[in-house]
Amino acid sequence: MCKRAFEAGWAGASFKTVCSFTQHEASPRFSSVRKHANSFFGFKNIEQLSNHTVDEDMEIFRRLRKEFPTKLIIASIMGGNEKEWGELAARCEEAGASIIECNFSCPNMEDADLGITIGQSEELVERFMRATKKGTSLPVLAKLTPNITDMVPIAIAAKRGGADGIAAINTINSITGVNIDSFVAKPVVQGKTIVGGYSGAAVKPIALRFISDLCRCDELKNLHISGMGGIETWKDALEFILLGAGSVQITTAVMQYGYRIIDDLIEGMSEYMKYKNISSLQDIVGSATSSVVDHKSIQRDFVVLPVFDKELCNGCGRCYISCMDGGHQAIEFDPDTRFPKLLGDKCVGCHLCRMVCVPGAIGRAKKIIRRKQ
């Protein structure tokens, strides 16, 4: 799989987490939340780590390094104790890995001092990161969990332990649905299930929030951030970069569409850079970071009214229904002309109407200053 990815044009691969303990996988182990076209936008897995032995994984690393000397091999590892973290890191470096990624966040490994349990403890993250750094001279990333209120203190703990960067986010604890015939949550494994990791396009807003939190923290300014979570297109990847990610990783989209998406990612990003006259992506890493402010700092003294385009409007009435039943009753709808009319004295500028407009027939007016009450 790595070989085919490299041949397709991917810059590197983050390998399935290497560990020395035996894995016992369930079947089936995937479920999803689907769109109307039946493709999934939310994906759940209850999968664990690499089912190869450490020796088998190291042999794969050696073969990949020999055949693809310029590609990045990110060795994701998980140890059962400090000694194992250091030993696995050393073995991966010897076998040809480029970067070590400490899996402090697997939601399907919740035993003491494993997976998600580590990523929720500053003490464990710092301790196991320090042990890993002792075993290797390679750069080391801490892959962190979003199943926590604030990722920043955990990332700072990783830095204290010697981390060279942060990888975020791992999957989100989830239940994707319930079989309404059997009354069992999904995926159904012999009549039972477990909480598992949620990924895919649906988690991108959550991932971007954590990337923004990390990149706006002064104590983490010198750490590389590798962003992931819901990236499918070049625009998705660009949003992570603009919020501060120096690299991006993609998994669920590959599982759904295949390695071929790298062509669209590269082509789209290249065309964007030409259009914006950007010579290097490094020049725009973090360019949107300062646009995210605290709640007290956002401007709240004006209203931006929506504007209706008669040429684009198809008269469906969705804007009227949404505003009437879920908004501020600021739109009239003439059933004869089938065209919406804004009631400016009632509109608060929430733009719910724009969100539901299918043909994109609602734009933005100039700023309207809100009068003091």
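This passage walks through helix 7, the strands around it and the second largest pocket of a predicted model.

Helix 7 covers residues 204–215, and its length checks out nicely: at 1.5 Å a residue, its 12 residues should span 16 Å, and the end C-alpha atoms do sit 16 Å apart. Most of this helix is covered, with nine of the 12 residues buried. The buried set starts with Lys-204, takes in Ala-207 and Leu-208, and then picks up Phe-210, Ile-211, Ser-212, Asp-213, Leu-214 and Cys-215. As for what does the covering, the buried residues of helix 7 pack against two helices, helix 6 (152–160) and helix 8 (234–242), and against two strands, strand 7 (165–168) and strand 12 (224–227).

Those two strands are also partners: strand 7 and strand 12 run parallel and are joined by four bridges. Within this pairing, Ala-167 has Ser-226 of strand 12 as its bridge partner. Strand 12 also pairs with strand 13 (residues 247–248), again in the parallel sense, this time over two bridges. Here Gly-227 stands opposite Val-248 of strand 13.

Turning to the empty space, the second largest pocket comes in at a volume of about 220 Å³. Its lining counts 10 residues, and those closest to the centre are Val-303, Gly-344, Cys-347, Ile-368 and Ile-369. Two elements, strand 14 (302–308) and strand 17 (362–369), each give two or more residues to this lining. By character, the lining of the second largest pocket splits into six nonpolar residues, three charged ones and one polar one.

Key. Residues numbered from 1 in each chain as written. Predicted model: local features only at pLDDT ≥ 70, side-chain atom pairs only at ≥ 80, totals over all residues. Heavy atoms only, no water. 1 Å grid on protein atoms, 1.4 Å probe; cavity = no way out; pocket = protein on both sides within 12 Å on 5 of 7 lines; lining within 4 Å. Points joined across faces, edges and corners; volume = space filled by probe spheres on them. Nonpolar A, V, L, I, M, F, W, Y, C, P; charged D, E, K, R; others polar. Expected span 1.5 Å × (residues − 1). Buried < 20%, exposed > 50% of the residue type's maximum accessible area, 1.4 Å probe, protein only. Contact = heavy atoms within 4.5 Å. Pairing = 2+ DSSP bridges.
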